[in-house]
Structure formats: structure tokens, C-alpha cells
Amino acid sequence: MKLTAARMQLQPGQRLSAQDATITTRQGGTLKAAQVTYDLKAGTVTATGDVTYNDTRFTNLSAPSMTLNVKSGFVTARGGVKAAKPAMTGAALAFDPSTMQAMLSGPYRVNQGTLRADTSAPAGRLLLVFSARSVVRATEDPDSSNRNRFEPYLK
């Protein structure tokens, strides 16, 4: 990752904080946020304040908070997720880059191409499977293995 920011503060061995930050990933994704905090002990990078993310899979993904778990690689967006592509809204979204899968928590709505799914149920879950730049499969009834893998990140 590459981090650029207007201001940064380092507490050695504990935390790196940055304001008006942009993070660029090795895969070409770009995250922008008012505040980014890398908690070295917890192994998490949390972005808050006007958070937006773009890459080949997501266009204008936004949420009040996004967190990268450095150890697992999972990325979580929480607090009201929106994206232009795929066109979606939801309570939270967790993405696993190792499997190219994401789980959207309800209430959610997705309307992209032939993919149309929505629920008003807070316990609703939609599993999205990506191939390169687009969603190739979605299921509103993910199996227990996938639910168990994503649930810790959707809380």
C-alpha cells in the first residue's frame, strides 16, 4: 500500500494516523478518507469520514467507515454502503480478495445488469462472486461455510 496524506502522526509500535488521506493498493485500488488509522497491535487499517473506494470491481463504493484486516486481507465497509458499480446499497459489505467474494448484509438492494436482489431484513445476506471486473454469480441463500467466514466482519 502507498499512503499519502496532508498530515500524519506516528505513535511507534502502536498507531499511525493520517488526515486527508489517499491509499493506493498494489492492485490499483484507491481509497480516500478524511481520517485513516493503522492500529499496529490490532492489525487493522480503518478509514472514516467521506470514505470512497474505487478499483476494477467497485466504482464509487462509499461508507462512513471502511476497515482492512491486514492479517486476513478482508475489507469491510459499514454504516450504510453505497456503490455505483455494482449498483448497490446495504448495511455492510465484507470483501475477501483471496476468493473474490463479497457478502452484503441487509437491508440491501442490488440492481446491476441481470442481477436484481433486495431485502428489508436486517439478517439478510447476499453473497457476490466476482470474476475480474464484474459480478458473475450471486446468491441470497449463502451456505453456512460462507456465512461463518464473513459474519465476523459484518458485525
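**Contacts.** I started with contact range in this predicted model. Of the contacts between residues at least 6 apart in sequence, 29% join residues at least 24 apart.

**Fold.** Next I went through the secondary structure and got one helix and 12 strands. Reading from the N terminus, I noted the order β-β-β-β-β-β-β-β-β-β-β-β-α. I then looked up the radius of gyration: 15 Å, close to the 15 Å that the globule rule gives for 155 residues, so the protein is as compact as a globular protein of that length. For the dimensions, I have the C-alpha trace spanning about 45 × 25 × 25 Å along its principal axes.

**Surface.** How much of the protein is buried? I find that buried residues make up 39% of the 155. The exposed area comes to about 8200 Å², and I note that carbon and sulfur atoms supply 51% of that area.

**Charges.** I looked up 19 positive and 10 negative charges. I put their mean positions 6 Å apart. A reminder to myself: side chains of opposite charge can pair when their charged atoms come close. So I went on to ask how many salt bridges the structure holds. There are five, and I followed up some of them.

**Asp39 and Arg15.** The closest N and O atoms in this salt bridge are 3.8 Å apart. I checked where the partners sit: Asp39 is in strand 3 (residues 30–39) and Arg15 in strand 2 (residues 15–24), so I have a pair linking distant parts of the chain, 24 residues apart. Buried or exposed? With 21% relative accessibility, Asp39 counts as partly exposed. I put Arg15 down as partly exposed as well, at 32%. Asp39 only just misses the buried class, as the cut-off is under 20%.

**Arg57 and Asp55.** I looked at this salt bridge next, and its N to O distance is 2.8 Å. Here I find both Arg57 and Asp55 buried.

**Arg125 and Glu151.** My last stop was the salt bridge between Arg125 and Glu151, with the closest N and O atoms 2.8 Å apart. Which elements does the pair connect? I traced Arg125 to strand 11 (residues 125–131) and Glu151 to helix 1 (residues 144–154), distant parts of the chain 26 residues apart. I looked up the accessibility of Arg125 too: at 10%, this residue counts as buried. Glu151 does not stop at one partner in my notes, since Arg125, Arg147 and Glu151 are linked in a network of salt bridges.

Note on methods. Residues numbered from 1 in each chain as written. Predicted model: local features only at pLDDT ≥ 70, side-chain atom pairs only at ≥ 80, totals over all residues. Heavy atoms only, no water. Helix = DSSP H or I, 4+ residues; strand = E, 2+ residues; numbered from the N terminus. Rg over C-alpha atoms; globule rule 2.2 N^0.38 Å. Buried < 20%, exposed > 50% of the residue type's maximum accessible area, 1.4 Å probe, protein only. Contact = heavy atoms within 4.5 Å. Areas by Shrake-Rupley, 256 points an atom, 1.4 Å probe, with all protein chains shown as cover. Lys, Arg positive; Asp, Glu negative; His and termini not counted. Charge placed at Lys NZ, Arg CZ, Asp CG, Glu CD. Salt bridge = Lys/Arg side-chain N within 4 Å of Asp/Glu carboxyl O.
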